[in-house]
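Reader: Please show me the model and justify the terms you use for it. I would like each label set against its cut-off.

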Amino acid sequence: MSLTEARPADAEPPGEPSTSRPAWRRAPIFPILLIWIVLTALLVAFALVVPARLMGAAASPTMREIETTFTSFSLAAAPVAALVWAILLYSLVAWRYRGGGRPTDPGPPVRGNNRVQVVWVVVSTALCLFLLIWGLIVIQPSTSEASSTQAPLVVDVTGQQWVWNFEYPAAPGAQSDELYLPVNQRVLFRVTSKDVVHSFWITQMGVKVDANPGATTTISVTPDRLGTFDIRCAELCGLYHSYMQTHVHVVRAEEFRSWLATAASQAPTGEVPSPSPSGTATS
Amino acid sequence: MSATTVETPDTSPAAPTPEMGGFIRRLNAVTGVVLGLVLAVVAWQVSSRLLPQPEELSHNHHDDAVMIITFSVWAIGFLIGIGAFVGPVRWLLGRDLTEADEEFLAGKDQGVARYFRFTTDHKVVGIQYLVLTMVLFGVGGLLAMLIRTNLIRPGSPFLNPTEYNAIVGLHGIIMIIATIVMVTGPFGNFIVPIMIGARDMAFPRLNALSFWLLFSAVPVLLAAFPLGGIATGWSAYAPLSDQSPLGMDAFLVTIVIFAVSSGVAGANMTTTVVRMRARGMSWTRTPIFVFGTTTSVALGLVAFPMFMVAMILLAMDRGLGATFYVASGGGSPWLYANLFWLMGHPEVYVILLPAFAALLEITPVFTRKPLFSFTAAVVGIAGIVGLSLFVWAHHMYVAGWAPALNGPFMVTTEMISVPTGLLILVLLGTLWRGVVWTRLPVLAVYFVLWNFIIGGVTGIYLSDVPVDQAEHGSMFVTAHFHYTLMGGALTATMGAVAFWFPKMTARMLDERVGKIGFWTAQIGFNITFLGMFAVGLAGQPRRVADPSSTFAAGNLVSSLGAYVIGIGMLIFLYAIVHSWRNGEPAPGNPWGGKTLEWQVPTPVPLENFAVPPVVTSDFYSYGEPPETPAPESVSVPRPADAAAPGERPLEGSAS
Amino acid sequence: MTAAATHVVVHDSPEVVWRRQRLGVLLLIVADVAFVLSLVFAYLYLRGLDTEGGWLPKDGPQPAGAGLGWLIAAVMATSWLCYRWAESSARAGRRELVVLGVLAAVVLVVADLALQIYQMVTAGFVVADGSYESAFMALTGYHVVHLTLTFLLGVGIWNRARLGLVDADTSHLRLVGFWWTWVVLSAVLTAAVTSLTASPHAGS
Ligand code: HEA
Ligand code: HEA
Ligand code: CUA
Ligand SMILES: [Cu+2]
């Protein structure tokens, strides 16, 4: 109410002359508000249901965090997008000039409106801050994880046109072209490349880091779901970039130990160990 | 003899003056192409004989060096042949061009022939850019259709991986180059000088130079096709680009030429705007479109040299065996990535700013309202320009080059949404209660706002490090940037074309056909790229010739959508070409615009203004009584006492 | 109609033209600054990364001495002084001195070009030897490009001064002066950067 009373005093936009009706009830506010609410509801529903579904079942806390981030960003963006679209829709229908030829009457000569501008900037800055703080907090775990008591399992990942090669320093000589990981155990990947830049991507775990020639990058994750997931190369690396994909088998700790032992014993000539335990892994 | 030349101005050029200047009258694009080709063949033969043949065949630097030399010589030969160096040489000799020469160069009385010469008239350059841009879009669009045809179902029998990679890179870079010049080229050259009340650009010969440089780069770029394409994607990441086929040499020479071209154009246009505005046109009275184009080219002026360096180092790697990007020689791919994105991110705003500014110019005209807030628009543009130089590493979150900097770069990147949001606010505020005259130009505003919100918000997702860790290198990114580049910038430019078409071609655009094409393309666009978001989220990597069958449904939808875009774009193109040739003659000011370009006659005479204009107010005073100060201009236009009922008529007439 | 169609050549005042040209030239120089800084960045970044100890490995060629680099910068600076002298002579209206000054500046540019090429040829390594060598050659090679352009501009100005074109209108002389100044700065920058050789990580 105070809003309405204050109006005549300061230079409010024209077209909102003071009446006894509260501001939000007046045309065009009311219909736009309505469209806005409807659109927001639709977008919120979309945000809650669709994106996370498309991303497939998360196989690590990292991925779950990403899904939550995605959803919460979508929720935050929903009202903003809905507002813009609501005004667009309404203006296209209600303010459209229906006569033939060029409009003769001009529109109201509004030049700015401090309140609207301030509110817009403040709200978008606030939203921006929300996203920022959220993002900065979410990047934290990777460092806090590093200080966790459990020593990580180290895997050396080497990209090479157009295959991935995995080595397990814990069992010297053990290497494979499909990745095997024990469930619920933190893994540290040390990633490098023999030729061009590749990018090591475990889709369902939300893990991605470039494999650069001449440098080693690291990333860590704790797989927490049993099963077989996709590893893809996410950086164009030449002819068969499309086919530079393989699988990761997340298995129970004891299965992993026995697999590692076999892999290490089969190692000598660098021949790819036949993935004998894969049957158990996918079971 | 002189009498005849005056009476038939279209056919014969002005009589050559007895002095040496007669020489430039015989040069044109044909002599340019001929000389360029001849010199290129000579350079090719000579360099392939003289350069040392490599001992080991693993890195054949010889062929790369030959290619680079050949392409560069072509460009230089072409420029000599078209007469680009006549001015500098005459300067060197101390025999500057005479007034008659300058007039000849401005294309006086030359009819159509002036479009094929080193013509300095900014309006000619603008038209040249417009046509070249459309050709580039045509080629890029055709390649897009090939890409989508290949992805229509898994198994892709249509293109093999080599061809696919080559085509994706070419599509990317052709589109990027086309979008960089699509506003500042045609409209920056044709419209901006008139808008600011100038007779031409500050440096007309540099203006012609910038166009013909770009022109000379196009055949080089297209030569990449037979030479194995650009098999690295448009970002040409090293060291993959070190080992790519010869098409890469074509790519890097193209970029070098293009960078020079845009540097020259940037210095020229910035000077024009800063120094040549009409009397009375203070910065606050300068149209917003001028701000958009100027900041865009000025940003390009600092950004593109970095790209040029990235490419010159690549040329040294490829042609001379340098090891800038080769880890085994102490180089690093991160050097390339940093240089590339230092250019690459400002570049996206180089593309976006003028396109958005065109919308800001269009909206007041078609709502018959002043621009909602000129200050906010300028602040928005300035904020974007300032921030855009400090966000580049958001393309490299997962590169591992400096994980500690991911946080700070996330901060700068997300902050850009605030100034960008301001521009959106100004557009919305201008639409607010306007008398929306829904012609084609203003439809672009609607579609851009729809598309760009999607593109912008998905950009915000990507700017978040954890999300980018999941989505980097996936089709999600591809969908994001098509929403900003095509849904935002290109769509806005289609509006700009429709808006300025009558002024530039002196014909009215066929709106009915144009609108059909526009709507079709927009609907197809949203189908295509929403589908692409879906496969991106599901984990389809970019630049894969043969995506796994998990993504088949989404890819099918995208491909079908792409055909719809293609059809729509063809219809739009038909409207343009047909109207250009047969459209109704356009009046001087069909939209009732207030900016200066609408005040000069159509077709615009050489030197634009018979009398230099004097500006006494800004150009957005729609609905404001002349010379009223601010308090009245924001007052209610209807009688205040008739408030509630008074509101009805306007509303009623609209609903 | 005829009046409007008549082509009137309107001349802007020399001051207006000068301000315009100055801005244009400065902007072109800005672009070149961005270019040089990118090369400097390439040098320093590779040096800082020292990928696989590949920046100046012990068994590789020795780096070029810094002394010659500074000499090259110094010669360029002298050339610049000559050019400045020519400019002040022009203000004093002494055509012979302008011609002489510019000529001296151009000759020093040629000398600098010779020195620069000498430095590159006698460096004891080639571009392909490694990242240091590549980055060094890129920076010094770009100085060659700078010098060549400066030479052409200088010859043009010298010729124009000789023909008396600088007497009334010194604007071109001063415009080329801006470029000359930038080339000196970039020569100093190049000398300073290339004098940093060993990688900061080389010990570890
Ligand atoms: C502005 C830039 C732009 C535009 C408009 C487009 C338009 C299209 N793009 Fe493009 N695209 C890129 C820029 C652009 N693209 C870039 C940079 C890449 C990355 C490349 C890489 O990975 O390296 C890419 C990659 C890319 C891919 C990913 C390939 C892969 O990673 O495997 C795909 C796949 O579907 C695709 C599809 C399409 C389609 C269907 C269109 C359609 O919309 C095309 C429709 C046709 C046209 C738009 C042209 C016709 C219009 C006219 C002739 C008239 C208009 C004229 C004026 C307004 C002056 N594009
Ligand atoms: C015109 C082109 C254009 C534009 C405008 C943008 C705008 C933005 N882009 Fe985009 N981008 C590209 C073109 C563009 N981009 C291209 C070509 C690539 C890929 C290159 C390649 O790899 O081939 C890319 C890639 C890309 C990446 C890297 C992805 C990856 O490879 O991993 C990122 C990550 O941060 C990103 C972020 C952003 C952000 C934050 C914006 C922001 O500017 C968006 C700001 C706008 C809004 C947010 C909407 C409006 C604002 C409001 C309504 C206010 C309120 C809203 C909030 C507070 C959220 N972009
Ligand atoms: Cu490896 Cu793509
Ligand atoms: Cu970016």
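Author: Around ligand 2 there are 31 residues, and those that come nearest are Tyr349(B), Asp468(B), His472(B), His480(B) and Arg542(B). This is a predicted model, in which local features need pLDDT of at least 70 and side-chain atom pairs count only at pLDDT 80 or more, while totals for chains, interfaces and linings use all residues. Residues are numbered from 1 along each chain as its sequence is written, chains are lettered from A and ligands numbered from 1 in the order in which they are written, and side-chain values use heavy atoms, with hydrogens and water left out.

Reader: What makes a residue count as near a molecule?

Author: One of its heavy atoms must lie within 4 Å of the molecule. Ligand 2 itself lies between chains A and B.

Reader: Why is His480(B) called a donor of the iron atom of ligand 2?

Author: Donors are N, O and S atoms within 2.8 Å of the metal (3.2 Å for Na, K and Ca), and water is not among the atoms, so sites may look incomplete. NE2 of His480(B) is at 2.2 Å from the iron, so His480(B) is a donor, and it is the only protein donor there. The copper ion (ligand 4) is 4.5 Å from that iron atom.

Reader: How do you know that Asp468(B) makes a polar contact with ligand 2?

Author: A polar contact is a pair of N or O atoms within 3.5 Å; within protein, one must be able to donate a hydrogen and the other to accept it, and residues adjacent in sequence count only if both atoms are side-chain atoms. A polar side-chain atom of Asp468(B) is 2.4 Å from an oxygen atom of ligand 2, so the pair qualifies. For His472(B), the distance from a side-chain N or O atom to an oxygen atom of the ligand is 2.7 Å, and for Arg542(B) it is 2.7 Å.

Reader: Which helix gives the most to the shell around ligand 2?

Author: H16(B), with seven residues. Helices (H or I, at least four residues) are DSSP runs, numbered from the N terminus. His480(B) sits in helix H18 of chain B, residues 475-505.

Reader: What makes a residue of this shell nonpolar, polar or charged?

Author: Ala, Val, Leu, Ile, Met, Phe, Trp, Tyr, Cys and Pro count as nonpolar, Asp, Glu, Lys and Arg as charged, and the others, Gly among them, as polar. The shell around ligand 2 has 16 nonpolar, 13 polar and two charged residues. Around ligand 1 the division is 22 nonpolar, eight polar and three charged.

Reader: Which contacts of ligand 1 involve an arginine side chain?

Author: Polar side-chain atoms lie 3.1 Å from a ligand oxygen for Arg542(B) and 2.6 Å for Arg543(B). A polar backbone atom of Trp234(B) is 2.6 Å from an oxygen atom of ligand 1.

Reader: Why is the pair Arg160(C) and Asp96(B) called a salt bridge?

Author: The term requires a side-chain nitrogen of Lys or Arg within 4 Å of a carboxyl oxygen of Asp or Glu. The closest N and O atoms of Arg160(C) and Asp96(B) are 2.7 Å apart, so the pair meets the rule. The rule finds one salt bridge across the interface of chain B and chain C.

Reader: How many residues does each chain bring to that contact?

Author: Chain B gives 46 residues and chain C gives 46 residues, where contact means heavy atoms within 4.5 Å.

Key
Helix = DSSP H or I, 4+ residues; strand = E, 2+ residues; numbered from the N terminus.
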